[in-house]
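Me: I have a structure open and would like to talk it through with you. Could we start at the ligand and then wander from there?

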Amino acid sequence: MSPTAAGHGEILLSAAAFEGIRALLKCKTGIHLEENSDSMILSRLSSRVRRQRLPDFDAYLAHVRSEAGAQELVQMINALTTNTTRFFREPGHFDLLETDVLPNLIEKAKRGARIRLWSAACASGEEAYGIAALVLQNFPDARDFDIRILGTDIDTHMLQRAKAGIYPKKSISGVPDRFGDIMFEPDGGDGKLHIRQRLKDMTTFRYLNFVDPWPVRGPFQVIFCRNVAIYMAPDTQSRIWQGLENVLDQEGALFIGHSERISPDLALQLELFGPTSFRRPLSFIGQNANQKERGDVTT
Ligand SMILES: C[S@@+](CC[C@H](N)C(=O)[O-])C[C@H]1O[C@@H](n2cnc3c(N)ncnc32)[C@H](O)[C@@H]1O
């Protein structure tokens, strides 16, 4: 961005404010904004600056850096995260989950095992509810066993929407027909899709910021962490992949976004079993059995 101020309505974004906001976002979330992201900052944050009745982005930056601006910092982060998602996005992962992973987990659950599936960076919850629907479709009695789905995100607005479980009608376009009845209440007349209570009962949504200590310990038998690392710098990505590996069950499965790559240094611990789908090599499971017994503090 040029050092001169850029105009957008009445709000001015100086080069210094732009760099300051970029650095603050990276520090608080790990999100790396490109050098040409000034128009994104202007379009997403100008209304926040106005709402705070501040004259420009320099004043806004000073505010969100101050103790008094802690609440506004949360809103700034909410505004700058990209929350694009949809039901059954990258559907091959759901197919693999159903054919290669769930049958074994269902058997384990029937024998009394604790089964945890995590949608990490769940945005407005479609991914987590899709996983819950798949579990219920394949195991209608799931709620009588110790199976739970956890959805986490940094964006507090998204978490509210996820908990509410109400979506626009057009969201149904990605939902395979066989899941329609399992997932949604009959039309309540408000023109929206309402997630059924039985899916909500199996699903918990919590705040989790990947760059802060994680309030989960696992082990998770399934982790979906898709389309979030792509927004991070390589060092943050590596820490996320390592953190996920730490909480992945010995026989767990990790699904990442189709345009993402795990760190090369995890090549010994994780191997592909489908497109952007990982689990531990058999040799690794044998060596490390019994070393990952942990309790999960979140669900
Ligand atoms: C593009 S959405 C991905 C949603 C879903 N996983 C999918 O693939 O459809 C990325 C999500 O990552 C979340 N996110 C960004 N930075 C994060 C961080 N540091 N910790 C946790 N979540 C973060 C955003 O709030 C956003 O909801």
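Me: Which atom of the ligand does a polar side-chain atom of Thr85 lie close to, and at what distance?

Reply: In this predicted model, a polar side-chain atom of Thr85 lies 2.6 Å from an oxygen atom of the ligand.

Me: And what about the nitrogen atoms of the ligand, say for Thr29?

Reply: For Thr29 the contact comes from the backbone, with an N or O atom lying 2.8 Å from a nitrogen atom of the ligand. Ile154 also contributes a backbone N or O atom, which lies 3.5 Å from a nitrogen atom of the ligand.

Me: How much of the ligand's accessible area does the protein cover?

Reply: On its own the ligand has 600 Å² of accessible area, and the protein covers 99% of that.

Me: Which residues around the ligand come nearest?

Reply: There are 21 residues around the ligand, and those that come nearest are Thr29, Thr85, Arg89, Asp153 and Asn227.

Me: Switching to aromatics, how many aromatic pairs does a search of the whole structure find?

Reply: The search finds 14 aromatic pairs. One of them is formed by Phe94 and Phe224, whose rings are 5.2 Å apart from centre to centre with 50° between the planes, and this pair is tilted.

Me: Why does that pair tie together parts that are apart in sequence?

Reply: Phe94 belongs to helix α5, residues 91-110, while Phe224 belongs to strand β8, residues 220-225, so the pair links parts that are 130 residues apart in sequence.

Me: Are Phe94 and Phe224 buried or exposed?

Reply: Phe94 and Phe224 are both buried.

Me: Which residues form one aromatic cluster with them?

Reply: The cluster consists of Phe88, Phe94, Phe179, Phe224, Phe255 and Phe273. Phe273 also has a charged partner, since the charged end of Arg279 sits over the ring of Phe273 at 4.1 Å from its centre.

Me: Back to strand β8, then: Gln221 lies there, so is Gln221 buried or exposed?

Reply: Gln221, in strand β8, is buried, with a relative accessible area of 7%. As for its position relative to Ala79, the two are 142 residues apart in sequence and 32 Å apart in space, taken from C-alpha to C-alpha.

Me: What kind of peptide bond joins Gly218 and Pro219?

Reply: Gly218 and Pro219 are joined by a cis peptide bond, with omega at about 0°. Pro219 lies in the loop between β7 and β8.

Me: Where is Val216, and is it buried or exposed?

Reply: Val216 is placed in the loop between β7, residues 203-207, and β8, and it is buried, with a relative accessible area of 5%. Between Val216 and Ile172 there are 31 Å in space, C-alpha to C-alpha, and the two are 44 residues apart in sequence.

Me: And what of Tyr207, in strand β7?

Reply: Tyr207, which is found in strand β7, is partly exposed, with a relative accessible area of 41%. Tyr207 and Asp155 are 52 residues apart in sequence, and their C-alpha atoms are 7.6 Å apart in space.

Me: Let me change topic to backbone angles: what is the phi of Ala121?

Reply: Ala121 has a positive phi of about 70° although it is not a glycine. Ala121 lies in the loop between β3, residues 115-120, and α6, residues 126-138, and at 18% relative accessibility it counts as buried.

Me: What about the phi of Thr276?

Reply: Thr276 has a positive phi near 45°, again in a residue other than glycine. Thr276 is found in the loop between β10, residues 271-274, and β11, residues 277-279, and is buried, with a relative accessible area of 11%.

Me: Now helix α10: how many residues does it have, and how far does it reach?

Reply: Helix α10, residues 234-247, has 14 residues and reaches 20 Å from its first C-alpha to its last, which is close to the 20 Å expected at 1.5 Å a residue.

Me: Which residues of α10 are buried?

Reply: The buried residues of α10 are Thr236, Gln237, Ile240, Trp241, Gly243, Leu244, Glu245 and Val247. As background, an α-helix has 3.6 residues a turn, so residues three or four places apart point the same way.

Me: Last one: where does Ala253 lie?

Reply: Ala253 lies in strand β9, residues 248-256, and is buried, with a relative accessible area of 2%. Ala253 and His93 are 160 residues apart in sequence and 10 Å apart in space, C-alpha to C-alpha.

Terms used. Residues numbered from 1 in each chain as written. Predicted model: local features only at pLDDT ≥ 70, side-chain atom pairs only at ≥ 80, totals over all residues. Heavy atoms only, no water. Phe/Tyr/Trp six-rings, centres within 6.5 Å; stacked < 30°, edge-to-face > 60°. Helix = DSSP H or I, 4+ residues; strand = E, 2+ residues; numbered from the N terminus. Buried < 20%, exposed > 50% of the residue type's maximum accessible area, 1.4 Å probe, protein only. Lys NZ or Arg CZ within 6 Å of the ring centre and 35° of its normal. Near = heavy atom within 4 Å. Polar contact = N/O pair within 3.5 Å; in protein donor to acceptor, adjacent residues only side chain to side chain. Areas by Shrake-Rupley, 256 points an atom, 1.4 Å probe, with all protein chains shown as cover. Expected span 1.5 Å × (residues − 1).
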